Structure formats: structure tokens, C-alpha cells
Amino acid sequence: MPTVGCEADAVATEVFEETLSLSQEDGFIGFENGSFSRGPPRYASSSMWEHCMCYGKKRVRVLFPELDGTEKTRLFREAWDGDYCDGAVLPGCGSKISRIEENGAIDASIQLGGKWSRGGYTWRKSGGTSHVSSVIESRGRVVKRLLPGGITIDKLVDENDRIVLETLWNVSELTRTVLLRTYSETRELEEVSYFVDKRS
């Protein structure tokens, strides 16, 4: 433990370790910038999903259950602050880490609507990962979960009875990241997409 400075006031440290399977067979799909989607290979309402979206040196991770239920959603907002130091340096009193409550829920009708230039990647079970670019126009809508920090989670069912789990992070008024996890009409994992949208 540190013995001088603000860090000396720390009376305990908490170490959190988690073992994750990075196998596609177990439902983990990752992208080259560090973003990933993790969940069951077959859709089940009792499951938990994790979406991680990276942008620059920041990322958000959202752990969420079936969105039609009442179970809690867990949200982590993280920023890369330096190389791993094994506790030799702790964030001191002067750090610029802000509480997530300081950023309220967004107005989805304003932030989700409009014309966007989209670029990113789609992984398909039938054919690997490919680059995708397009221009989309979306309307504001009511979403299942509206979280602090400009983050939304939604569950959509398209015209082909596919289930799409969407996590969206409004990085700024002009930029957002989108992670989509799509299950086929037979509820098998079909594709996962990660996009960065720029307002046109």
C-alpha cells in the first residue's frame, strides 16, 4: 500500500478477477479495436449479455439481462490511464474521474434520430467478418433502457422475426457507437456488428 500522499488514506483495496471464455462457440465475438459482444449462442430469456464498446481510450461495458424483465443492468465506463502498474500508483484525490450520475439520461428522440454516416464491421456465422459502410437515417424512438452517459439498450424484433439486441453509446452530439447482436428466427446467433456513426 502507498504510505504517502492521498493514496495513503486508502484502507483497503479490492481485487476483482473474472475468467471469460473468448471462444465463438461460447458466444464471444470480438473486434479489432477491443469492442466485443458476449452472450449465449442460442437466445434464452434467462440469459445475460455483455456489450463492450471502445472509442479512443475510453470504453463502456454494459451487462444486461432479458430486457422485458425487471432485473438490473450493470454499466461500467472506463478510461485507459496508463500501463498496468500492479497497484504501485493509485488514482489520487486530484484525479479527474467523475461519477456517472453527473451525466443524466439522454433524450432519445434528439440523439437517436437524424442522418448518420456508418462505418464498421459485421461478423456473420456463415462467413466471418466483413467491413460495412453506409448512410442511414433513423428516427427517435422509445427504447427499453435509457442509461446515464448517453447509453441506450434496446431489443428489437424485425420483419423476419429475428431478435436484435442493440447497445448504443452517444460519445458526443456528432458521434455514436453501436453494437448489434442478432439472433435468427430459430433463435441461433446469426451476426454481430460494431459501428461508428458520424452525424451527416
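Among contacts in the chain between residues at least 6 apart in sequence, what share joins residues at least 24 apart? The answer is 47%. Keep in mind that you're looking at a predicted model. The chain runs to 200 residues, and 36% of them are buried. It's built from one helix and twelve strands.

**Getting your bearings**
- Walking along the sequence, you meet the elements in the pattern β-β-β-β-β-α-β-β-β-β-β-β-β.
- About 12,100 Å² of the chain is exposed, with carbon and sulfur atoms supplying 51% of that area.

**How far to trust it**
- The average pLDDT of the chain is 79, and 70% of the residues score at least 70.
- Go carefully around residues 92-102, where pLDDT stays under 50. For that stretch the model has nine contacts beyond four places in sequence.

**The seven-stranded sheet**
- Seven strands form an open sheet with antiparallel pairing, in the order β7-β6-β12-β11-β10-β9-β8.
- The edges belong to β7 (128-138) and β8 (145-147); each has a single partner strand, so one side of each is left without a neighbour in the sheet.
- On average, neighbouring strands here are turned by 20° against each other, if you ignore direction.

**β10 and its partners**
- On one side, β10 pairs with β9 in the antiparallel sense, over seven bridges. One match to look for is V157, whose bridge partner in β10 is I163.
- The hairpin of β9 and β10 has five residues between the strands, and D161 in this hairpin takes a positive phi near 65°.
- β10 also pairs with β11, again in the antiparallel sense, this time over eight bridges. Here L165 sits opposite R181 of β11, and a hairpin of four residues links the two strands.
- β10 is mostly covered, with eight of its eight residues buried.
- In a regular strand, side chains alternate between the two faces of the sheet. In β10 both faces are covered: I163, L165, T167 and W169 are buried on one side, and V164, E166, L168 and N170 are buried on the other.

**β11 meets β12**
- β11 and β12 run antiparallel and are joined by nine bridges.
- T175, for one, stands opposite K198 in β12.

**The nonpolar cores**
- In soluble globular proteins, nonpolar side chains tend to be buried together.
- The largest nonpolar core in this chain has 21 residues, and F64, Y183 and V192 have the most contacts inside it.
- Two or more residues of this core come from each of β3 (48-55), β4 (58-65), β9 (151-157), β10 (163-170), β11 (175-183) and β12 (189-199).
- Apart from this one lies another core of five residues, with L168, V178, L180 and F195 among them.
- Back in the largest core, V192 is worth a click: leaving out residues up to four places away in sequence, V192 touches I29, F31, S37, Y121, T122, W123, L179, L180 and R181.

**A closer look at L180**
- L180 belongs to strand β11.
- Is L180 buried or exposed? L180 has a relative accessible area of 16%, which is under the 20% cut-off, so L180 counts as buried.
- Setting aside neighbours within four places in sequence, L180 is in contact with V164, L165, E166, E191, V192, S193 and F195.
- L180 and L168 are twelve residues apart in sequence, and their C-alpha atoms are 8.7 Å apart in space.

Conventions:
Residues numbered from 1 in each chain as written. Predicted model: local features only at pLDDT ≥ 70, side-chain atom pairs only at ≥ 80, totals over all residues. Heavy atoms only, no water. Core = buried A, V, L, I, M, F, W, Y, C linked by side-chain atoms within 4.5 Å. Buried < 20%, exposed > 50% of the residue type's maximum accessible area, 1.4 Å probe, protein only. Contact = heavy atoms within 4.5 Å. pLDDT = per-residue confidence, 0-100. Pairing = 2+ DSSP bridges. Axes fitted to C-alpha atoms, helices over the stretch in contact; angles between N-to-C directions. Areas by Shrake-Rupley, 256 points an atom, 1.4 Å probe, with all protein chains shown as cover.
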